[in-house]
Amino acid sequence: MNKLRVLALSFFFATAAMAQSSAAKAFEKMKLLAGSWEGKSTAGHTVTEKFQVMSAGGSLMSDLNADEPMTSMFYMDGDQLMMTHFCPSRNQPRMKATVSPGGDTITFDFVDATNLATPETGHMHRAVYILERPDALAEEWTWRSNGKETKERFELHRKN
């Protein structure tokens with residue numbers, strides 16, 4: 001009977017590990033970004049970014065300095081990968097991730113925001129993380145204001 005119980009428990013834990021959501025796998029992959037990054041924007045500006053795993057692995061913080069410094073927090077909410085972006089425009093968009101089939105592209109789309117006067121007020125509306133290689137990262141950011149979108153891409157490489 002003990003062998004049967006051990007076999008059943010082993011099957012349960014193996015099944016649970018395989019059933020990990022694509023969002024949870026993407027979050028684990030994003031945590032591997034921990035460290036310092038640098039690169040350029042499509043506008044030719046120098047970009048630096050530091051990722052830091054926080055809260056005993058429960059969140060990932062990004063401090064991005066492009067034209068202005070901004071902070072984003074990544075975390076799981078149930079089986080959804082979420083991002084809260086603390087913008088220099090003093091609003092805080094919350095975005096939910098979708099993950100490409102291969103897991104290399106993680107797209108965060110606007111859900112809602114705190115401190116946003118109206119939906120037409122300028123805010124970050126989308127952020128796409130393209131995890132090309134362990135030492136290369138591309139980010140595409142979309143700013144939306146009055147129904148118009150502006151996009152900027154950052155090409156980064158790992159400093160350490």
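Okay, first question for everyone: where is the place of Glu-28? Have a look at the model, and keep in mind that this is a predicted one. Glu-28 sits in helix 2. I'll come back to that residue, but let's walk through the whole protein before we zoom in.

So, the parts list. The protein has two helices and 10 strands. If you start at the N terminus and read along, you meet the elements in the order α-α-β-β-β-β-β-β-β-β-β-β.

What do the strands build? They make a closed barrel of 10 strands, running 1-2-3-4-5-6-7-8-9-10, and the pairing is antiparallel. On average, neighbouring strands in this sheet are turned by 25° against each other, ignoring direction. Now, helix 2, residues 22–31, packs on that sheet. Its contacts include strand 2, strand 3 and strand 4 (69–77), and they also take in strand 5 (80–86), strand 6 (92–99), strand 7 (105–114) and strand 8 (123–133). The direction of helix 2 makes about 140° with that of strand 4.

A quick reminder for anyone new to this: strands of a sheet pair through backbone hydrogen bonds, and they can do that parallel or antiparallel.

Let's go along the start of the barrel. Strand 1, residues 35–41, pairs with strand 2 in the antiparallel sense, over six bridges. If you want one pair to find on screen, take Gly-39, whose bridge partner in strand 2 is Val-47. These two strands form a hairpin with four residues between them. In that turn you'll find Gly-44, with a positive phi of about 90°.

Next pair along. How many bridges join strand 2 to strand 3? Seven, between residues 46–54 and residues 59–65, and the two strands run antiparallel. Glu-49 has Leu-64 as its bridge partner in strand 3, and Gln-52 stands opposite Met-61. Here too we have a hairpin with four residues between the strands, and Ser-55 in the turn has a positive phi of about 50°.

Stay in that loop for a moment, since Ala-56 is also found between strand 2 and strand 3. Most residues other than glycine have a negative phi. Ala-56 goes the other way, with a positive phi near 55°. Is Ala-56 buried or exposed? It's exposed, because its relative accessible area is 92% and the cut-off for exposed is over 50%.

There's another residue to put beside that one. Arg-90 lies in the loop between strand 5 and strand 6. Arg-90 isn't a glycine either, and its phi is positive, near 65°. Arg-90 has 67% relative accessibility, so it counts as exposed.

Now for a contrast, go to Ser-59, which lies in strand 3. Why does Ser-59 count as buried? Because its relative accessibility is 7%, and buried means under 20%. Who is around it? Leaving aside neighbours within four places in sequence, Ser-59 is in contact with Phe-27, Gln-52, Val-53, Met-54, Met-73, Phe-74 and Tyr-75. Ser-59 and Met-76 are 17 residues apart in sequence, yet their C-alpha atoms are 7.7 Å apart in space.

And back to Glu-28, as promised. Glu-28 counts as partly exposed, because its relative accessibility is 40%, which falls between the two cut-offs. From Glu-28 to Gly-57 it's 29 residues in sequence and 9.1 Å in space, C-alpha to C-alpha.

Let's zoom out again. Of the 160 residues in the protein, 36% count as buried. The protein exposes about 9200 Å², and carbon and sulfur atoms supply 57% of that. Then the contacts: take those between residues at least 6 apart in sequence, and 36% of them join residues at least 24 apart.

Last stop, the empty space. Rolling a probe the size of a water molecule over the atoms shows where such space is left. The largest pocket has a volume of about 320 Å³. It's lined by 15 residues, and Asp-67, Met-70, Met-124, Trp-143 and Glu-152 lie nearest its centre. Which strand gives the largest share of the lining? That's strand 10, with four residues. Strand 9 (136–145) and strand 10 (148–158) each supply at least two residues of the lining.

That's my tour, thanks for listening!

Terms used:
Residues numbered from 1 in each chain as written. Predicted model: local features only at pLDDT ≥ 70, side-chain atom pairs only at ≥ 80, totals over all residues. Heavy atoms only, no water. Pairing = 2+ DSSP bridges. Axes fitted to C-alpha atoms, helices over the stretch in contact; angles between N-to-C directions. Contact = heavy atoms within 4.5 Å. Buried < 20%, exposed > 50% of the residue type's maximum accessible area, 1.4 Å probe, protein only. Areas by Shrake-Rupley, 256 points an atom, 1.4 Å probe, with all protein chains shown as cover. 1 Å grid on protein atoms, 1.4 Å probe; cavity = no way out; pocket = protein on both sides within 12 Å on 5 of 7 lines; lining within 4 Å. Points joined across faces, edges and corners; volume = space filled by probe spheres on them.
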